[in-house]
Amino acid sequence: MAFTLSSRAATPLITSFALRRRLPLVGAFCVLSFGISNLFVSKTGSALSLPFVPLLRSKLAGQGPARNVHLIKMEGSSAAVPSIVVYVTVPNREAGKKLAESIVKEKLAACVNIVPGIESVYQWKGEIQSDPEELLIIKTRQSLLGALTDHVKANHPYEVPEVIALPINGGSLEYLEWIKSSTKD
């Protein structure tokens, strides 16, 4: 966090609220910077890279301890089941925590992250709406999407809750195995 220099005590230039509102932008930048090269695949099947991605990787490669992480691509591994990340928005922390706990308790997901402080702008019944919400990021098996969707619909305060699934194309073998072992078959 940046501070001003003056004869008075240092005061933050950015309030904690403003910082919290900007943190999703930092995450988005990281995804775009480090993960986007995996989104572009040539006709030969090899990943293409944007010009700035290798530069960023080379600048940051020497930072931090070396790690021996086993990364896999989902389609080439028999050890991990196809997994997904599911986004669900909720109106507040209480609703999010209650829904997240019920999802994990029912073994419909291995983990649910609750991201506070998002603002949703959307069209509903012909009018533009804007509401503060929280985002649930749910990690689960692809085969559980139907049961998870039914659970969300039955336990969500919205008339039409958001349930959007994105595939996990690869990752840490240990984490993907944990998703498998923490969810029902």
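A salt bridge is taken here as a side-chain nitrogen of Lys or Arg within 4 Å of a carboxyl oxygen of Asp or Glu. In the structure described, which is a predicted model, 4 such salt bridges are present, and three of them are considered in turn below, before the aromatic pair, the nonpolar surface patch and the nonpolar cores.

The side chains of lysine 97 and glutamate 101 form one of these salt bridges, with an N to O distance of 3.4 Å. Both residues belong to helix α3, where they are 4 residues apart, so that about one helical turn separates them. Lysine 97 has a relative accessible area of 42% and is partly exposed, and glutamate 101, with a relative accessibility of 47%, is likewise classed as partly exposed.

A salt bridge between loops is formed by lysine 125 and glutamate 159, whose closest N and O atoms are 3.7 Å apart. Because lysine 125 is located in the loop between β3 and β4, and glutamate 159 in the loop between α4 and β5 (164-168), this pair ties together parts that lie 34 residues apart in sequence. Lysine 125 counts as exposed, at 64% relative accessibility, and glutamate 159 counts as exposed at 62%.

In a further salt bridge, the side chains of arginine 141 and aspartate 185 meet at 3.1 Å, N to O. Arginine 141 is part of strand β4, whereas aspartate 185 is in the segment after α5, so the pair ties together parts that are 44 residues apart in sequence. The two partners fall into opposite accessibility classes, since arginine 141 is buried, with a relative accessible area of 7%, while aspartate 185 counts as exposed at 81% relative accessibility.

Turning to aromatic residues, the structure contains 1 aromatic pair. The ring centres of tyrosine 175 and tryptophan 178 are 5.3 Å apart and the ring planes are at 45 degrees, so this pair is tilted. Tyrosine 175 and tryptophan 178 are 3 residues apart in helix α5 (residues 173-182), and are therefore separated by about one helical turn. Tyrosine 175 is partly exposed, its relative accessible area being 35%, and for tryptophan 178 the relative accessible area is 35%, which also corresponds to a partly exposed residue.

Another tryptophan contributes to the surface: Tyr122, Trp124 and Val160 make a nonpolar surface patch of about 270 Å². Tryptophan 124 is located in strand β3 (residues 111-124), and its relative accessibility of 35% places tryptophan 124 among the partly exposed residues.

As for the interior, the largest nonpolar core comprises 15 residues, and those with the most contacts inside it are Val88, Leu99, Ile103, Val112, Leu136, Ile138 and Leu148. At least two residues of this core are supplied by each of β2 (83-90), α3 (93-105), β4 (127-141) and α4 (145-155). When residues up to four places away in sequence are not counted, leucine 136 touches Val86, Tyr87, Val88, Val90, Gly96, Leu99, Val112, Asn113 and Ile114. A second core, separate from the largest one, has 6 residues, including Val85, Ala110, Ile168 and Leu176.

Note on methods:
Residues are numbered from 1 along each chain as its sequence is written. This is a predicted model: local features need pLDDT of at least 70, side-chain atom pairs count only at pLDDT 80 or more; totals for chains, interfaces and linings use all residues. Side-chain values use heavy atoms; hydrogens and water are left out. A nonpolar core is a set of buried Ala, Val, Leu, Ile, Met, Phe, Trp, Tyr and Cys residues joined through side-chain atoms within 4.5 Å. Buried means under 20% relative accessible area, exposed over 50%, partly exposed in between (1.4 Å probe, protein chains only). Contact means heavy atoms within 4.5 Å. Rings of Phe, Tyr and Trp (its six-membered ring) pair if their centres lie within 6.5 Å; planes under 30 degrees apart count as stacked, over 60 as edge-to-face and the rest as tilted. Patches are made of residues with over 30% relative accessible area and no salt bridge: like charges are joined within 9 Å, nonpolar side chains (Val, Leu, Ile, Met, Phe, Trp, Tyr) within 5 Å. Accessible areas come from the Shrake-Rupley method with a 1.4 Å probe; for residues, only the protein chains shown count as cover.
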